[in-house]
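Reader: I'd like to go through this model and ask how each label was earned. Could you put it up first?

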Amino acid sequence: MYQPGTHRRIALLICDVPADPVREQHGDYTRIFGTLLEESLKPINKTHSADSQTTFTLDPFDVRVQVYPKEDDYDAILITGAAHTAHEYEQPGREWMKKLIEYVRVVATEKPQIKIFGICFGHQIVALAMGGTCVRNTRFEVSATKLQLTELGKRVYGIESGVLNIHLMNRDHVPTKPPSFHVLASSSQSPIHGMVLFSQSESLRDASHSNFRLTDIHILTSQGHPEFTESITRLLLGVRRGLLGPELFDDGQSRAGNQNDGIAVVGKAIWGVMGVE
């Protein structure tokens, strides 16, 4: 339930740094995700009086060098994307990934009051932490893409059309969801483009989840990037042109300016899960 004048404390688990051209124009991940949260919060705050505005702090923690928050100091943790391969966490030099997986598992199972959000690589880390799988896909998915929402996805994101428009930049994907998770969206290449885990109390109260509130969601993930803009996607396509090949690069550039629901839909849902609406 929305509480007037509330403040949310969010821990941003940094798993990589943006490519140089992206960082030069759009800043680091703290700035990029801060923009997502700020812009998606603005329309919500406009519906409330001046003394009932929601504010937030976004504190970065570089988990690659084993820097983690004290969980009880935060209302939510948000795990960023990365150019790393999540399912190679057993490889030498990837010990930080294994620790991140264990950290997410502990927070998810022992700290039910803390909301967890995972974006792209973060989505894959959540899957691995909670009993799902992550593997290499047959090809990259890039640029602004239309995803098909499940019935639950339509309700979580408030989209009756059943189509979510979001920027993608991934080759790995989650083919199998963890136990008790529910799929939100899919593409022609990936069956699980987002998922949720409801709180235990909600699951006991309503096993079918036919009458839930966004605050009943404990974990929400997205393979797509709600924090990406047309500019970020075009810059990344340029960086990865050789890896993608000319056909996929041109296709991605042709779609980069298409509709993007990252802020208006996914960002709004993130705030809703944190009780701000």
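Reader: What makes Trp271 count as buried or exposed?

Author: Keep in mind that this is a predicted model. Buried means under 20% relative accessible area. Trp271 has a relative accessible area of 0%, so Trp271 is buried.

Reader: How many aromatic pairs are there?

Author: The count comes to six aromatic pairs. One of them joins Phe56 and Trp271.

Reader: Why is the pair of Phe56 and Trp271 called stacked, tilted or edge-to-face?

Author: A pair of rings is described by the distance of the centres and the angle of the planes. To pair, ring centres must lie within 6.5 Å, and planes over 60 degrees apart count as edge-to-face. The centres of Phe56 and Trp271 are 5.5 Å apart and the planes stand at 65°, so this pair is edge-to-face.

Reader: And which parts does that pair tie together?

Author: Phe56 sits in strand E2 (residues 55-62) and Trp271 in helix H10 (residues 262-273), so the pair ties together parts that are 215 residues apart in sequence.

Reader: What about Tyr68 and Tyr103: why is that pair called what it is?

Author: Stacked needs planes under 30 degrees apart and edge-to-face over 60, with the rest tilted. Here the centres are 4.5 Å apart and the planes are at 45°, so Tyr68 and Tyr103 make a tilted pair. The pair links distant parts of the chain, with Tyr68 in the loop between E2 and strand E3 (76-79) and Tyr103 in helix H3 (residues 95-110), 35 residues apart.

Reader: How do you know whether Tyr68 and Tyr103 are buried or exposed?

Author: Same cut-off, under 20%. Tyr68 has a relative accessible area of 17%, so Tyr68 is buried. Tyr103 is at 11% relative accessibility and therefore counts as buried too.

Reader: Where is Ala82, and is the label there buried or exposed?

Author: Ala82 is in the loop between E3 and H3. At 19% relative accessibility, Ala82 falls under the 20% cut-off, so Ala82 counts as buried. Leaving aside neighbours within four places in sequence, Ala82 is in contact with Cys15, Asp16 and Phe121.

Reader: Now the whole protein: what makes its radius of gyration agree with a compact globule?

Author: With 277 residues, a compact globule would have a radius of gyration near 19 Å; the protein has 18 Å, so the two agree. The C-alpha trace spans about 50 × 40 × 35 Å along its principal axes, and 55% of the residues count as buried.

Conventions:
Residues are numbered from 1 along each chain as its sequence is written. This is a predicted model: local features need pLDDT of at least 70, side-chain atom pairs count only at pLDDT 80 or more; totals for chains, interfaces and linings use all residues. Side-chain values use heavy atoms; hydrogens and water are left out. Helices (H or I, at least four residues) and strands (E, at least two) are DSSP runs, numbered from the N terminus. Buried means under 20% relative accessible area, exposed over 50%, partly exposed in between (1.4 Å probe, protein chains only). The radius of gyration is taken over C-alpha atoms; the globule rule is 2.2 Å times the number of residues to the power 0.38. Contact means heavy atoms within 4.5 Å.
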